[in-house]
Amino acid sequence: MKLKAGIIGLGVGRKHFEAFNRHPSCQVSSVYDFSEKKLENISNVYPDIRAVINADELLEDPDIDIVSIASYDNYHYEQIIKGINNNKHVFVEKPLCLFEKEAKEIRSLLTKHPRIKISSNLVLRTCPRFIRIKEAVTSGEMGRLFYIEGDYLWGRINKIIDGWRKDMEYYSIIYGSALHMIDLVLWLTEKLPVEVHAYGNNIATENSELKYNSFAVLLMKFEDGMIAKVTGNGACVHPHFHRLVVCGSEKTAIHDITGAKWLETSDPDAELRDIVEDYPAKENRNKVITSFVDHIINDHEPPIVPANDVFDVMSVCFAAERSIKEAKPIEIEYN
């Protein structure tokens, strides 16, 4: 018998829908969205899928095994809690939630429901180029890492000045963009930073309706002395891109808008070797959901994004927001 999934939100959630429905052991049975037009479009293509008029109807449906939450950020926490309390596995679009106390409550509730699995859509882990760089880090090929920088160059200012984000009571550019690069750093290194110092501004969007920062930069310090810099740049004049530089004692990897190279010598005349693996490879992103379903079916099959990693990256985000507010470095407490 196939697992039944319910999808909340049909923006990016339409991608969730397709990934769950393609899994041989899963099928989407119900969907919900604010937009009647989106629901109508789904019903026209998939007449057997039930379109509900209230998210709770889906969250409380005893026939649904997995709920995929792709609603606006401020709904995630409440819908996650309802999903877990109704014995549903939860896949949630980032961010997990907006406040540290919410993350702690979700974590606590999961301990009371040990069968329930949770994951989040941290898709950069599926990119072949980043996987290759991770292999070079893990194998020791790059030597000892001492510095990483990752820039989330959103390049889609309309997303934050015209859409639902500007209407939220609380919006974080760290949660909305920098989070992906924070996760990439933690995943590449398999290390957790101990301290973060963050700054933010809204210079590029100061004449818009957005009440919050549209840019943030984080400096993260690791126990072994490594430093990482991450930015979330919501309003940049730049194509959407995930820039990455990884500096090791033996080799440097650079991935930017001009290309991707291995730097294996400091000789300015040396020919640089290309990093040839694909980017962005969006066709691979459904693997996050595929691996999550596989993990539900077989607990010994690790998901691409384990639950602990979701909470770890949120802990860094919470500390970074606190650092901006208090204008000082913050020691990171992991939930």
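Here is a quick tour of the fold, the sheets, the odd backbone spots and the surface patches.

What we have is a predicted model. The protein chain holds 10 helices and 15 strands. Its radius of gyration is 20 Å, close to the 20 Å that the globule rule gives for 335 residues, so the chain is as compact as a globular protein of that length. The C-alpha trace spans about 65 × 45 × 40 Å along its principal axes.

Now for the sheets. One is an open sheet of 6 strands, running β3-β2-β1-β4-β5-β6, with parallel pairing. At its edges stand β3 (50-51) and β6 (118-120), each with a single partner strand, so one side of each has no neighbour in the sheet. The β5 strand (residues 89-92) pairs with β6 in the parallel sense over 3 bridges, and there valine 90 has isoleucine 118 of β6 as its bridge partner.

Another open sheet is built from 9 strands in the order β14-β13-β12-β11-β7-β10-β9-β8-β15, and its pairing is mixed. Here β14 and β15 (330-331) are the edge strands, each pairing on one side only. Within this sheet, β7 (residues 145-153) and β10 (residues 227-233) run parallel to each other over 7 bridges. If you want a spot to look at, tyrosine 152 sits opposite glycine 232 in β10.

Next, the backbone oddities. Which residues join through a cis peptide bond at proline 280 and at proline 95? Tyrosine 279 is the partner of proline 280, and lysine 94 is the partner of proline 95. Asparagine 87 also catches the eye: its phi is positive although it is not a glycine. The table puts these together with their loops.

| Site | Backbone value | Loop |
|---|---|---|
| Lysine 94 to proline 95 | omega near 0° | proline 95: between β5 and α5 (100-112) |
| Tyrosine 279 to proline 280 | omega about 0° | proline 280: between β14 and α9 |
| Asparagine 87 | phi about 60° | between α4 (76-85) and β5 |

The loop between β14 (273-274) and α9 (287-297) turns up again on the surface, as lysine 282 lies in it. Together with Lys15, Arg22, Arg156 and Lys159, Lys282 forms a positive surface patch.

There is a nonpolar patch on the surface too, made of Phe34, Tyr72 and Tyr75, with about 290 Å² of accessible area together. Where does phenylalanine 34 lie? You'll find phenylalanine 34 in the loop between β2 (26-32) and α2 (36-45).

Methods. Residues numbered from 1 in each chain as written. Predicted model: local features only at pLDDT ≥ 70, side-chain atom pairs only at ≥ 80, totals over all residues. Heavy atoms only, no water. Patch = residues over 30% accessible without salt bridge, like charges linked within 9 Å, V, L, I, M, F, W, Y side chains within 5 Å. Areas by Shrake-Rupley, 256 points an atom, 1.4 Å probe, with all protein chains shown as cover. Salt bridge = Lys/Arg side-chain N within 4 Å of Asp/Glu carboxyl O. Lys, Arg positive; Asp, Glu negative; His and termini not counted. Charge placed at Lys NZ, Arg CZ, Asp CG, Glu CD. Helix = DSSP H or I, 4+ residues; strand = E, 2+ residues; numbered from the N terminus. Pairing = 2+ DSSP bridges. Rg over C-alpha atoms; globule rule 2.2 N^0.38 Å.
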